[in-house]
Structures are given as structure tokens and as C-alpha cells.
Amino acid sequence: MKLFHVLAACVPAALLAGLAAPLWAEGNPAAGKQKTWTCEGCHGIPDYRTAYPDVKALQDYKSGARKNTTMRAIAARLSDQDMADIAAYYAGGGGN
Ligand code: HEC
């Protein structure tokens, strides 16, 4: 029975720790909103949510798999975390 008590105490703590510290690749919509102000000049009006809540296009511009000089230059400045945040914002995750 002792082992059971140890497990009962540890498992919820582990779950809580998991919630408090999301994976690094998890996008943060609020941070994404901050990072999209440069995009709006070309991609639309403020708070307009574009139709591409996907990091793939940005990663492809960065890697060169997708060729467009303008977006290549922009994507090259974004980290994976930036892209995840921007995608989370565009996905409508509560950026407002
Ligand atoms: C200087 C103008 C300009 C700025 C600033 C800009 N973009 Fe773009 N973006 C473009 C153009 C032009 C295209 C179309 C490129 C193509 O045809 O592949 C594009 C395409 C894209 C696409 C692909 C859309 C699709 O239909 O697949 C994504 C995603 C994107 N931009 C995201 C962003 C993000 C995020 C930012 C801000 C960090 C940004 N862009 C800033 C001009 C811009």
C-alpha cells in the first residue's frame, strides 16, 4: 500500500507540472500577436486573421523549399518559436 500512496501523490504533481510548462514548440497566441505587426503591412489590416494558421509555409520560405524573395527574407528572421506563436495567433487562439 505504501507504493500506492507515493504514486497517488506524484502523479497529480507531474500532471500539474506538465500543464504549467508546455512544450517549447507550443504557440503562444498573445506573443504571436506582438510578432504579426510587421506582417500586417502586406497581409492585411490589424487583427485580420489570415487564412494560413500553419507554420509549414513559413518554414518552407525559410528553408528555401518555397521560393519568394520577400517572404524568404521575412521568414529567415523568424525562429521556430516565432512561427509557432504567429500560427497560434492566426489560428484564433485568443490573441485579442
Ligand atoms: C513586404 C510584404 C510582406 C510582409 C511584410 C509579409 N509578407 Fe507574407 N507574403 C508576402 C507575399 C508577396 C506572399 C506571397 C508569396 C508567394 O507567392 O509564395 C506572402 C505569403 C505568405 C504566406 C503563405 C500564404 C499561403 O497562401 O500559403 C505566409 C504564411 C505568410 N506570407 C506569412 C507572413 C507572416 C507571418 C509575416 C510577418 C512575420 C509576413 N508574411 C509578412 C508578402 C509579405
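Cysteine 39 sits in the loop between helix 2 and helix 3. Keep in mind that this is a predicted model. Cysteine 39 counts as partly exposed, because 15 other C-beta atoms lie within 10 Å, and a residue needs 20 or more to be called buried. Its partner for today is isoleucine 74: the two are 35 residues apart in sequence, yet 8.8 Å apart in space, C-alpha to C-alpha.

Threonine 38 lies in that loop too, between helix 2 and helix 3, the latter being residues 40-43. Is threonine 38 buried or exposed? It is exposed, because 10 other C-beta atoms lie within 10 Å and the limit for that class is 12 or fewer. Threonine 38 can also be paired with isoleucine 74, at 36 residues in sequence and 9.3 Å between C-alpha atoms.

Now the chain as a whole. The secondary structure comes to six helices and zero strands, so there is no sheet to discuss under the DSSP assignment. Read from the N terminus, the order is α-α-α-α-α-α. Buried residues are 19% of the 96 in the protein chain. As for contacts with a separation of 6 or more, 73% of them join residues 24 or more positions apart.

Next, helix 6, residues 80-90. Eight of its eleven residues are buried, so this helix is largely enclosed by the rest of the structure. Which residues are the buried ones in helix 6? They are Met83, Ala84, Asp85, Ile86, Ala87, Ala88, Tyr89 and Tyr90. What do they pack against? The buried residues of helix 6 pack against helix 2, residues 29-35, and helix 4, residues 55-63. After helix 6 comes glycine 92, which has a positive phi, near 90°.

That leads to the core. The largest nonpolar core has eleven residues: Val55, Leu58, Tyr61, Ala75, Met83, Ala84, Ile86, Ala87, Ala88, Tyr89 and Tyr90. Helix 4 and helix 6 each supply at least two residues of this core. Which helix gives the largest share? Helix 6 does, with seven residues. Asp85 is among the buried residues of helix 6, but aspartate is not one of the residue types that a nonpolar core may include.

To recap: the loop between helix 2 and helix 3 holds cysteine 39, which is partly exposed, and threonine 38, which is exposed. Helix 6, by contrast, is largely enclosed and supplies the largest share of the core.

Note on methods
Residues are numbered from 1 along each chain as its sequence is written. This is a predicted model: local features need pLDDT of at least 70, side-chain atom pairs count only at pLDDT 80 or more; totals for chains, interfaces and linings use all residues. Helices (H or I, at least four residues) and strands (E, at least two) are DSSP runs, numbered from the N terminus. Two residues are in contact if their C-beta atoms, placed from the backbone, lie within 7 Å. A nonpolar core is a set of buried Ala, Val, Leu, Ile, Met, Phe, Trp, Tyr and Cys residues joined through C-beta atoms within 7 Å.
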